[in-house]
Amino acid sequence: LVQGIGFRPFVYRLAMEKGITGWVKNSLTGVEIHAEGPYASVYSFVQEIPLKAPVAAIIESITPREAIPNGYADFSIHPSTQDVDQITLVSPDIAVCPDCLDDLKHQPHRLHYPFINCTNCGPRFSIIRSLPYDRVNTTMDVFAMCSRCAAEYGDISNRRFHAQPVACNDCGPTYQLYASGKIETRFEAILEKTVKLIEGGKVVALKGIGGFHLMCDALNSNAVETLRRNKLREKKPFAVMFRDIATLRKYALVNQEEEALLMSWRRPVVILPAIRDLAPGVSSGFPTVGAMLPYTPFHYLFFERTVLDAVVLTSGNFSDEPIVISNEEAIRLFGHWCGGVLVYNREIHNRNDDSVTMVINGKERMIRRSRGYAPLPVKIAANVEGIVAAGAELVNCFAAGRKNYVFLSQHIGDLKNFETYAFYRESLDRFLHLFRVRPRLIAADLHPDYLSTQYAIESGLPVVRIQHHHAHIASCMAENNVEEPVIGVAFDGTGLGDDGTIWGGEFMLCDFTGYRRITHLPYIALPGGDLVTHEPWRTALSMVLQITEDEDFIFRLPFLRKITPDTVRLVKAAVEKQINTPLSSSAGRWFDGVSALAGICTEAGFHAEAPMRLEAALDRGNAFAYPFAYEGHRIDLKEAVSAIIADSMVQGNGGRIATGFHNMLIGLIEKVVSEISEETGIRTVALSGGSFQNRYLSEQVENRLSQADFRVLIHRNVPCNDGGLALGQIMIAALKPGNQ
Ligand code: ZN
Ligand code: ZN
Ligand code: FE
């Protein structure tokens, strides 16, 4: 990524410094530089390019070649030529840089200017409408540069040379605070009032880079409760912004890789083990904290003025709806219950949530890929020109292909929500326009009810339908640039199988052209269908019914204590008569059922709560595992289920059950993979599906398989959950015979 981030001016300045003459220009594959000068100067020029390049630059390779000197007298930047076939990358939004933070204190026209930016930092994707990346094509177009900004913009030796969003106190966007029936426009007063509101325990809605945030003191229980109550049905842990890394270390364990991510210009939310309590409502009882550091000038200015260590900074939305981006909507939705609504008068064009990531075994694992990451593409070996992938339904991201780049969208969300589906369609249109994609084919999930599948069918393009777990494994293969057949382990919530049942605990032989389902976790009947994701006790009861139908025994089970006997009988009858009880081999449902049996989570308040709580309950130092059997490609867990039920009768056994179940799954995966490998000779394993967000499962499976000399492919920059599905869909569609 060397375009739209001030790379050519950087090369120019470095050339000046080294006394080099020649030119720099954008090319189809990156930039091309012609450098003339004494050998030592040219040598150190080339050496320093990757070391001193703008932070957001991604340099895959530098290929030096000797050239005939032309005797240039100076160094120049050749203008970009607009080529329709050219693939231009769009930079993600970049956290404010140290130089700008310094200017914030000293530069007269940018003193405390909260929209300060330069070629090394500031908004990018969130404000761009179309390419080329020029001010007129961004939401900065309504602001006319003042003479000072224009001079900096035009001065090649300046850090703000061609910085498209360049602005200052005289000419750029401004904040307005709506609080207690008044509108405050003086920035110093806004800052002071916001600090007072937050310190006073109020919630403030704050317009950020990619959308609104809701912010409150992370150590004030009442404030956090107010936020939870008003965010409606919101039970997920909240993300927290800490003053700085030193303060964060008081509250969480941070290793080297995690620190690098937290401090990077991408500024994601990183999930860390908590060591000191914030307000109890922040993490919803999980022993972790989703932490991030300040990334806009406003965040820094706020923490300069406040005594607080940390603030909750959660997406400004209601449950599954997309993050709010319009000022009017924010005032309407948040105005009546927030202490203040802080808006600014620049439009957000591309909605862009905070990204969420974590580190397992020293490697980054993306969970939600948005701000700071989108819309960077994944480079792959195949040509995917003109192929669109519609993605999944619940954790949707779509993708569009140009040559050997797959452009993955920002996190979209749950399409079943009406507003989110509108956001999906709008973003797809914008993406195709931005990256000049001429769609010729669309890939979609096998599931006919997914709104993404329906969108694909209604698009009028030829549709390629792709099995969910095949797409998961293909996504993992693509991210790792692997083409040869792999043993795929796809563990997730749900996905429709090609036999009409619901899959999700799959061992399959895969390449991009096909798959064979070798074995899978045992089926569980799901009484109530989709209802089981909210009521994991139903899945647990169904598991019990595989062992015994004795009602006296069933009514003594502790996990059913809160459920009325009539409801229990109804569900039991549904399972026996197979009424609305689809069969599922889903790992997510196994986690759900065991979590409920253990009495850890019988009713779920948010997606994947039961598996997450089961993981949180396990004892990492304990190797105890329930037994399993694997014979003739059939996994049998009856003995384990019986043992879990027996353990569930004894109070305080939640941790034991969680530990035993996790360790059993890890042993099972190792055993099944080893046997499939013996039968096929394949030594590469791909791990994908949302269950691999489970830190313990992911870490242990990877370690055990690596120790057994397997080549283990994991997701890093593409989510292992359904947010990464579109990448796999696009690859399978591209490599289908006839689609090339
Ligand atoms: Zn900057
Ligand atoms: Zn200005
Ligand atoms: Fe999935």
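Donors are the N, O and S atoms within 2.8 Å of a metal. In this predicted model, the zinc ion (ligand 2) has donors that follow the spacing C-x2-C-x18-C-x2-C along the chain. The residues concerned are Cys146, Cys149, Cys168 and Cys171, each coordinating through SG at 2.3 Å. The angles subtended by the four donor atoms around the zinc ion (ligand 2) run from 103 to 116°, and the arrangement is therefore tetrahedral. Cys146 and Cys149 are both buried.

The zinc ion (ligand 1) is bound through the SG atoms of Cys97, Cys100, Cys118 and Cys121, at 2.3 Å. Its donor residues are spaced C-x2-C-x17-C-x2-C in sequence. Within this set, Cys100 belongs to helix 3 and Cys121 to the loop between helix 3 and helix 4, so that the pair links distant parts of the chain, 21 residues apart. The angles at the zinc ion (ligand 1) span 103 to 119°, which makes this arrangement tetrahedral. For four tetrahedral donors the ideal angle is 109.5 degrees. Cys100 is buried, with a relative accessible area of 0%, and Cys121 is buried with a value of 0%.

The loop between helix 3 (98-106) and helix 4 (147-154) also holds Gln107. Gln107 counts as buried because its relative accessibility is 16%, where the limit for that class is under 20%. Leaving aside residues up to four places away in sequence, Gln107 touches Glu152 and Arg160.

The third metal to consider is the iron ion (ligand 3). Its protein donors are His468 (NE2), His472 (NE2), Asp492 (OD) and Asp722 (OD), at 2.0 to 2.2 Å. The angles among these four donor atoms extend from 86 to 171°, and the site is classed as irregular. Along the chain, the donors of the iron ion (ligand 3) follow the spacing H-x3-H-x19-D-x229-D. Asp492 lies in strand 21 (residues 486-496) and Asp722 in the loop between strand 29 (711-713) and helix 22 (725-735), so the two aspartates tie together parts that are 230 residues apart in sequence. Both Asp492 and Asp722 are buried.

Attention now turns to the aromatic rings. Rings are paired if their centres lie within 6.5 Å, and by this rule there are 28 aromatic pairs. In one of them, Phe187 and Phe298 have ring centres 6.2 Å apart and planes at 70°, so the pair is edge-to-face. Phe187 is in helix 5 (residues 187-199) and Phe298 in helix 9 (residues 297-305), 111 residues apart, and the pair thus links distant parts of the chain. Phe187 counts as buried at 16% relative accessibility, as does Phe298 at 1%. Elsewhere, ring pairs join Phe125, Phe398, Tyr405, Phe407, Tyr421, Tyr424, Phe431, Phe435 and Tyr455 into a cluster.

Rings also accept charged neighbours over their faces. The charged end of Arg371 sits over the ring of Tyr295, 3.6 Å from its centre, and Arg683 lies over the face of Phe710, 4.0 Å from the ring centre.

In soluble globular proteins, nonpolar side chains tend to be buried together. Here the largest nonpolar core has 67 residues, of which Phe7, Tyr175, Phe298, Phe302, Val311 and Leu342 touch the most other members. Phe302 touches Leu191, Thr194, Val195, Ile198, Met215 and Val311, not counting residues up to four places away in sequence. A second, separate core of 65 residues includes Phe559, Leu614, Ile676 and Phe692.

Terms used
Residues numbered from 1 in each chain as written. Chains lettered and ligands numbered in written order. Predicted model: local features only at pLDDT ≥ 70, side-chain atom pairs only at ≥ 80, totals over all residues. Heavy atoms only, no water. Donors = N, O, S within 2.8 Å, 3.2 Å for Na, K, Ca; no water. Tetrahedral: all angles 85-135°; square planar, octahedral: opposite > 155°, others 65-115°. Buried < 20%, exposed > 50% of the residue type's maximum accessible area, 1.4 Å probe, protein only. Helix = DSSP H or I, 4+ residues; strand = E, 2+ residues; numbered from the N terminus. Contact = heavy atoms within 4.5 Å. Phe/Tyr/Trp six-rings, centres within 6.5 Å; stacked < 30°, edge-to-face > 60°. Lys NZ or Arg CZ within 6 Å of the ring centre and 35° of its normal. Core = buried A, V, L, I, M, F, W, Y, C linked by side-chain atoms within 4.5 Å.
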